[in-house]
Each structure stands twice: as C-alpha cells, then as structure tokens.
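Student: I am new to this structure, and I would like a close look at one part of it, namely how helices pack against each other. Could you take me through that slowly, and then turn to the ligand?

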Amino acid sequence: MTDDLKQLIRRLPKAELHIHIEGSLEPAMMFELAGRNGIELPYPDVESIAQAYNFNCLQDFLDLYYQGMSVLQTRQDFYDLTWAYLRRCKQQNVMHCEIFFDPQGHTERGIPFETVINGIGTALEDATTELGISSRIIMCFLRHLDEKSAFDTLEASKPHLDRITGVGLDSSELGFPPSLFQRVFDDAAALGLKRVAHAGEEGPPDYVYQALDLLGVDRIDHGNRSLEDTELIERLVQERMPLTVCPQSNLRLAVVDSMSDHPIRTMLAKGLNVCINSDDPAYFGGYVNENFDALVDATGLTGDEIVQLVVNGFESSFLDGPDKRKYLDQINELR
Ligand code: ADE
Ligand code: ZN
C-alpha cells in the first residue's frame, strides 16, 4: 500500500511554492564552488558539512545557511545552483516552481544584485525550453535587517522586474514582526508585485494576522502556529489562504517534535489550503517527493490527501488560469 502511494507521489505533476534556492546548495556543490572561488570553508570534506547540520531551532540553521551561501560568487555559480535544483525537479516531476532568493544575503557581501538575478533567471529560462518546467521568482527581504536595507533592495530590483513576480519575507522570525515591513510591502504592491511572508513558523499567530492585514499577502509561508488560534483558522479557511507547509524543515527545526506529530492531516481536515514544499532541501534531508514520503510513512497520509495537497499547490501558484487548468486536468487523469 505504501509503495502504491509512493508511486502516486512520483506520477503526479507537482508544483513547489516554497523553496529557497540558496537552501538547495548541496554539500558537494558547496565544496566545489569553494574550490572554484578560492574560499576557505570551516570543513575538511563534504561529509563533515552534512554532519554539521544538527539544528535546535531556526537560528541554528540560518547561521549555517548564510555561511554556506558565501561560496556563491559569480553569475555562473547562481546558474549552476539553480540548474541543479531544476534537474531535481525534473526527476521528481515537479513541473512548476516558485523560487525564493535572498538578495541581501549576497549584496551585503559585495555581490551585485544583477549577478544573482541573471544567473538564477537564465537557468529558469533554459528550464522552460529544455526541461518543460515553468517558474516564477520571488525576492525575499531578510527580516533581521532593517527597513532601509529592504527599501534599497526593492530599489535595486527595479531594472529586473520583468524577472520578478513577487516579494517575500524570511530569516529570523521571533522579534521581527511583519509590521516592520509594512511600508516596503506597500511599495512592492504599488509596483504590481505579489506578496508572501514567512509567518507562524516560530512566531505567534499574531504574526500571521499581521502578514494578512498589514502586508496584504497572497500566501503564508509555513503558518503552522495558526493552529493555536481558532478564529484565525476560520479566517484562513474562508479566504482559502494558501499555507506553504514544509514537513522535513518543520522536523529539523523543531517546529514539530516528530514527523508522526506533524499536523498536516489536521490542517487538511480543518479545510486549510495547505501544500507540500521542501524549504531548504540540501539542509533538511530531501526534496518534494521525500517530504511526501515522510508524511506517508509517519502520519498515514492517504492517496486522496496526497492528490488534494498537489492540487492545492497548483491552485495556490501564481500561474495564470489556463496553465493551472492544464496541470489540474493532468492530475485528474492520473488520480
Ligand atoms: N530562510 C531559509 N529558510 C528559511 C526558513 N525556513 N525560515 C525563515 N527563513 C528562511
Ligand atoms: Zn522558508
């Protein structure tokens, strides 16, 4: 039975809406790029990089994540990183992806915005023609940096808005509420950009309310802690607000105690619009299919629930109507 479900997961075309491209930097590529760019890593070999990935909370992970991305220097590095992720997508039948990147993680260390966006953007363009994968780019503001830095980043993005669909908010959540970024999100909205924000990963339900009411988001990234507030759940259900849930990330960052405690089935049962994503696959042990597999093994997720999660992913995407319909029709034929 479990094997049938794992086949179903593999057969279905999928959309991934919550993936930080810098979090797809596998240890082997980190090592290779460090060598290529003459950068000293605090690890003797590839194996010891993966062994260092023991996190007690979001901040433990973020410290290593920002250190890891320091090997990314050239346009080709960003291209290679993105292309490696897209090849995984193809292997896993992820046919549409909406990729986050963290411009300030690069501009703060002297890498020009355009180096980053052009490397990522060219790989995504090539994937459309060579792999048949569609995509969008979402630029995230780092919430541990100040509002001025976010405004500077929005300014730097202006010559590249043909490549950018939306803005997001990520990094250390506790102590950095969405309200700090209301004005920059207002300006992003005025530029016609979509808006998403990480909220309710470690932060309280109030941060989810703020993301909805002050930032005007189209999706909430994570949103797990919404379950603590009955009124909030009702609102999210009524608005059919997407929550981009990331099970292996939740386990590795101690948002849940064990995979069998993951609330995904409860979320579905309450009518929440949840979908499954990898977040930072190179750090958390797997891409989209492995996230589904882990839920099947630990929570008893059913075939109907798998299909619902996959449908939710496409419906919550920024694809236009006809493209959504195309994928939803394919899913209907396979279910
Ligand atoms: N940046 C990369 N992954 C993240 C996560 N899970 N939460 C917040 N910021 C992030
Ligand atoms: Zn994330």
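Tutor: What follows goes through the helix contacts one pair at a time and ends at the ligand. Please keep in mind throughout that this is a predicted model.

Let us begin with helix H1, which covers residues 2-11, and helix H15, which covers residues 288-299; their axes come within 10 Å of each other and cross at roughly 155°. That angle is over 145°, the cut-off for this description, so H1 is roughly antiparallel to H15. The crossing in which H1 passes H15 is right-handed. On the H1 side the residues that take part are Thr2, Leu5, Lys6, Ile9 and Arg10, and in H15 they meet Asn289, Phe292, Asp293, Val296 and Asp297. Sorted by class, this contact of H1 with H15 consists of 4 nonpolar, 2 polar and 4 charged residues.

The next pair is helix H2, residues 27-37, and helix H5, residues 75-92, whose axes come within 12 Å and cross at roughly 165°. H2 and H5 are therefore roughly antiparallel to each other, and their crossing is right-handed. H2 contributes Met29, Leu33, Arg36 and Asn37 to the contact, while H5 contributes Gln76, Asp77, Asp80, Leu81 and Ala84. By class, the contact of H2 with H5 holds 4 nonpolar, 2 polar and 3 charged residues.

The remaining pair is helix H10, residues 205-213, with helix H11, residues 230-238; here the axes come within 10 Å and cross at roughly 35°. H10 passes H11 in a crossing that is left-handed. Pro205, Val208, Tyr209, Leu212 and Asp213 of H10 meet Glu231, Leu232, Arg235 and Leu236 of H11. The residues of this contact divide into 6 nonpolar and 3 charged, with no polar residue in the contact of H10 with H11.

We can now turn to the ligand. The residues that surround ligand 1 are His20, Leu58, Phe61, Leu62, Tyr65, Asp170, Ser171, His198, Glu201, His222, Asp279 and Asp280. In the case of Asp279, a polar side-chain atom lies 2.7 Å from a nitrogen atom of ligand 1, and for Asp280 a polar side-chain atom likewise lies 2.7 Å from a nitrogen atom of ligand 1. His222 also takes part, with an N or O atom of its side chain 3.4 Å from a nitrogen atom of ligand 1.

How values were computed:
Residues numbered from 1 in each chain as written. Chains lettered and ligands numbered in written order. Predicted model: local features only at pLDDT ≥ 70, side-chain atom pairs only at ≥ 80, totals over all residues. Heavy atoms only, no water. Axes fitted to C-alpha atoms, helices over the stretch in contact; angles between N-to-C directions. Helix = DSSP H or I, 4+ residues; strand = E, 2+ residues; numbered from the N terminus. Parallel < 35°, antiparallel > 145°, perpendicular 65-115°, else oblique. Left-handed = near helix turned anticlockwise from the far one by under 90°. Contact = heavy atoms within 4.5 Å. Nonpolar A, V, L, I, M, F, W, Y, C, P; charged D, E, K, R; others polar. Near = heavy atom within 4 Å. Polar contact = N/O pair within 3.5 Å; in protein donor to acceptor, adjacent residues only side chain to side chain.
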